[in-house]
Amino acid sequence: MLMEKSKDLGTPRRGWERGLEGRNGRHPEKPVREVTVSIDGKEVSVPEGTSVMRAAALAGVGVPKLCATDTLEPFGSCRLCLVEIEGKRGFPASCTTIVEPGMKVKTFSERLAGLRRGVMELYISDHPLDCLTCPADGDCELQDMAGDVGLREVRYGYAGKNHLEAEKDTSNPYFTFDPAKCIVCSRCVRACDEIQGTFALTVEGRGFDSLIQPGPTGEFLSSECVSCGACVLACPTSALMEKAVIDLGLPSESTDTTCAYCGVGCSFHAETKGTTVVRMTPNKESLSNHGHSCVKGRFAWSYASSRDRVTKPMVRRSIEEPWQEVSWQEAIQHVASEFLRIRDQYGRYSIGAVSSSRCTNEEDYIVQKLVRAVFRNNNIDTCARVCHSPTGYGLKKAFGESAGTNPFDSVDQANLIFVVGANPTDGHPVFGSRMKQRLRAGAKLIVADPRRIDLVRTPHIEAQIHLPLRPGTNVALLNAIAHAILEEKLEDRAYIESRCDLAAFEQWCEFIRRPENSPEAMAPVTGVPAETIRRAARLYATIKPAAIYYGLGVTEHSQGSTGVMCLANLAMLTGNVGIEGGGVNPLRGQNNVQGACDVGSFPHELSGYRHVSDEKTRRNFEQAWNVEIDPEPGFRITNMLSAATIGEFKGLYMHGEDLVQSDPDASHVIEGLRNMELVVLHDIFLNESSRYAHVFLPGCSFLEKDGTFTNAERRIQLVRQVMPPLCGKQEWEVIQEIAQAMGYPMHYHHASEIMDEIARLTPTFSGVSFEKLARLGSVQWPCNERAPEGTPVMHREQFVRGKGFFALTGYVPTKEKVSERFPLLLTTGRILFHYNVGTQTRRTPNSTWSKEDLLEIHPSDAEERGIRDGDKTELRSRKGSAIMRCVVTERVAPGTVYATFHFPENRTNVLTTENSDWATNCPEYKVTAVQVSRVFEPVRHEERVNGKTAKGRGAVPVAGE
Amino acid sequence: MIEDLVQMANQIGDFFRSYPSQAEAAAGIADHLRRFWSPSMREKLIDYAQRDGRDLSEPVRAALALLQAPAERS
């Protein structure tokens, strides 16, 4: 059993000044006004607006409660928390009564005891007395309260009408609902409404007939429930219970760590028994998720113990031969001697590495050090190349730093939210819920997306404006919005004059005012009526603060970097950078995209986004590493592969990355890999790229290692080892041993020492250490002498580059155009239950919800092709073809089709082209011209079991983005 | 490989088309190539420009002329 339970103060915090600066969550600012009350004779001062229950808890007095918890608004239904207040009649509920100056509260008296016992007696008269065999035994608030009120008998007996025989709902793969154990406190319903914002649950019936219902289907799995786990966490009994706890019992140990799925970076308590993870519960103290979670982080971690894991190093001479298991020593010697041989034979630039945004900062740092200090070139790239490299380029140009400007918490202050090419409720669900809370509280919403994402219309939320633009026309649309703002003189002149480079601004004005950038000129290009563009411009420019949130729908385009600069221009134009509630905020796809980029994983940059040509920076590294560093940029991934095809690149170390599956133009990738003499793959599963590898080094899941991840808001958080590495070594140790075997001295003893080196060599990280992260929970970089506890909002006084820069963002249409043969534009995205190419989530029960990729097509396009909902269809592009079932829906506009890319057997990425962003070579995954036709063939569901192909290990790919 | 390099360079050239003067565009392109392309890629492109160069856009050709001049780092 866990030794400590976190303290529940009963009702949420109230009465503190808003604001983010100068605090790291642990140091809240002053309360607006304090009120002093007496609780059982103890004086306590609390912020105005605090409940009597919370004041009592803060005074160290526990008032019994069932329906109250400090993550939810007070409800006042259980009548257990009654108190006596001097001068007030009756017995007010302490959760819904607000403190008043001088109030004298009595939390215990004989009359109160009698009342509470009476309430408990009624609860227990309709509750099974099977405590000893109940999964919540030892972790049940009902049990605790029975003890608290001293319940000794139930006078009513059990013969009367009751719910004890109610049927248990076991449909959800991760938790059960047992109505017999339910006390109808509504905590689950309120958690679903207030925290998650799905409104899936309701209380049906009145009085004795009251029942928790997951929507009209009466069953969790088929309901609107998104399985975020908020209700399970909120449930005071075992009515909602994790199946893992039912099977294994309560956990005995808890380790705080960081989720390895999306860029929200939720903090979790990994609760274990021995080295077995029983459950992951979200950390209430964390500033990235504030105690909330999604189905992936909360439940979908069983891939870590999947039988598909490879745990022994393997080597083969050629890719035609079968794998041979070898010892670590043999594998490392082989890798080292081969890299040395190739470098001697083909020259210094013939080898390189690709690192991963799935890995920790420490791992990514040591991989780039291996390349720069041991390989002796700059041929290091990372998978951020194919997702957010344009963010790095665009924001650096505009603001001077390759990172988002504001923390997630800042959304609470936004009065307007502009979502561009992102789908937060599916892709970044925990932040999506946060955003929905703000929208329900009244913030206005503009969505620019070819598809009508859930946010456009969802319970209690409706976007003021949806701009359903044609895929590939972001720059046209954003330029037109800027044009309209200037034309109607809605720009923030004072801000621009004090904060921005005026010469560049004037030049930009001249450019953006050109008629070709007007909403009228861009309407036919984008497919959005000029008047709608103008309305969006007015709304965005007239409500402050306005926050921009964007995703891969901006970056994965041939003008990805231009699109990012357009967003930066709009935010500067309206004075929305450097303030709370505003900013330009990328929603990063993977857990550590930000971190991987921060620590120097791009071929042109050392850590902290400093160009390799910068002599001073290079000298620092040269002194620390005792080698000379190449002052010229190295190869990007695609350049390595191209160089390989002409025999100039021969050896690649691939860390946590599957180029064949996740990079564009698979045949180009395969040709490149086939031409190499050494391909080393370091990963937790064999994947598509492993077919072309000569060495496989087994890696660790996030549960098996120490390190840090940096989320989309620059927040660095600790990843802690929860179970020992299945393969016996953490990944940084393996990389260190390769470096040593190649003759370079490297002697770290723990991941924290690698972070210490990053801090010594990177001015924006100089205040970061594992000790500080453990003490504060997290810090947002820049974290240094000037900001010892980190920087929530960037560019406050001035931009990192000095003056904000308006770049000229001419619209250049993509080469990918519709034609008679390919009349539709395909764009891609994610669903909630799966993550990228599904390597992890397909190996979990998340496949229960989604077993295949689906194509969305508009009714008019479907009708023209004789396609009906659920038909199997073939998609053809200039690059390839794929088969998938379709959904006929008005979510997509006529002319646009949409598909997910989680199932490699559906081959969505085979369709996409080799087009890429002009500045960063980020592939244009979001625009592909296709034709769709019906396939007359029965769909064979049995081909896929739990989302996996029957081909087994060798065929299962690893994700990348 | 040279086709890829030409296409990439022309795409960079397209971005700089909205610049007010050809000289600024050429300088911008040259700077981009210097900062983000490996020397071997730049050499291949320059070599192509000297040998043939017909598929390169005008601003890119101007930028390559700048690159051949003694390197100026920005």
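**Exercise 1. Place A:Asn289 in the fold, then decide whether it is buried or exposed.**

Step 1: locate it. A:Asn289 sits in the loop that links β11 (276-282) to α7 (295-299) of chain A. Helices here are DSSP runs of H or I with at least four residues, strands are E runs of at least two, and numbering starts at the N terminus.

Step 2: check the cover. The relative accessible area of A:Asn289 is 3%, so it is buried. The cut-offs: buried is under 20% relative accessible area, exposed is over 50%, and partly exposed lies in between, with a 1.4 Å probe and protein chains only.

Step 3: list the partners. Skipping residues up to four places away in sequence, A:Asn289 touches A:Cys266, A:Ser267, A:Pro282, A:Asn283 and A:Val430. A contact means heavy atoms within 4.5 Å.

A word on the input: this is a predicted model, where local features need pLDDT of at least 70 and side-chain atom pairs count only at pLDDT 80 or more, while totals for chains, interfaces and linings use all residues. Residues are numbered from 1 along each chain as its sequence is written, chains are lettered from A and ligands numbered from 1 in the order in which they are written, and side-chain values use heavy atoms, with hydrogens and water left out.

**Exercise 2. Work out which residues A:Ile485 is in contact with, beyond its neighbours within four places in sequence.**

Step 1: find the element. A:Ile485 belongs to helix α13 (residues 474-487) of chain A.

Step 2: check burial. Its relative accessibility is 0%, so A:Ile485 counts as buried.

Step 3: collect the contacts. With those neighbours set aside, A:Ile485 meets A:Leu490, A:Glu491, A:Ala537, A:Tyr540, A:Ala541, A:Leu570, A:Leu573 and A:Thr574.

Step 4: try a far pair. A:Ile485 and A:Ser77 are 408 residues apart in sequence, and their C-alpha atoms are 51 Å apart in space.

**Exercise 3. Find what the buried residues of α25(A) pack against.**

Step 1: pick out the buried residues. In helix α25 (residues 731-741) of chain A they include A:Glu731, A:Trp732, A:Val734 and A:Ile735, and also A:Gln736, A:Ile738 and A:Ala739.

Step 2: read off the packing. On the helix side, the buried residues of α25(A) pack against α8 (328-346), α9 (361-375) and α26 (751-761) of chain A. On the strand side they meet β25 (651-655), β26 (678-683) and β27 (695-698).

Step 3: see what comes next. A:Gly743 follows α25(A) and has a positive phi, near 95°.

**Exercise 4. Track down the backbone oddities: which peptide bonds are cis, and which residues other than glycine have a positive phi?**

Step 1: set the baseline. Most residues other than glycine have a negative phi, and most peptide bonds are trans.

Step 2: take the cis bonds. The bond from A:Lys544 to A:Pro545 is cis, with omega near -10°; A:Pro545 lies in the loop between α17 (530-542) and β21 (546-550) of chain A. The bond from A:Trp781 to A:Pro782 is cis too, with omega near 0°, and A:Pro782 is in the loop between β30 (779-780) and β31 (824-829) of chain A.

Step 3: take the positive phi values. A:Val184 has phi near 50°, lies in the loop between β5 (175-177) and α4 (187-196) of chain A, and counts as partly exposed at 27% relative accessibility. A:Arg714 has phi near 65° and sits in the loop between β28 (707-710) and β29 (715-719) of chain A. At 0% relative accessibility, A:Arg714 counts as buried.

**Exercise 5. Say how the radius of gyration of each chain fits the globule rule.**

Step 1: recall the rule. The radius is taken over C-alpha atoms, and the rule is 2.2 Å times the number of residues to the power 0.38.

Step 2: do chain A. Chain A has 29 helices and 38 strands. Its radius of gyration is 29 Å, close to the 30 Å that the rule gives for 961 residues, so chain A is as compact as a globular protein of that length. Buried residues make up 66% of the 961.

Step 3: do chain B. Chain B has four helices and zero strands. For 74 residues a compact globule would have a radius near 11 Å, and chain B agrees at 11 Å. Of its 74 residues, 50% count as buried.
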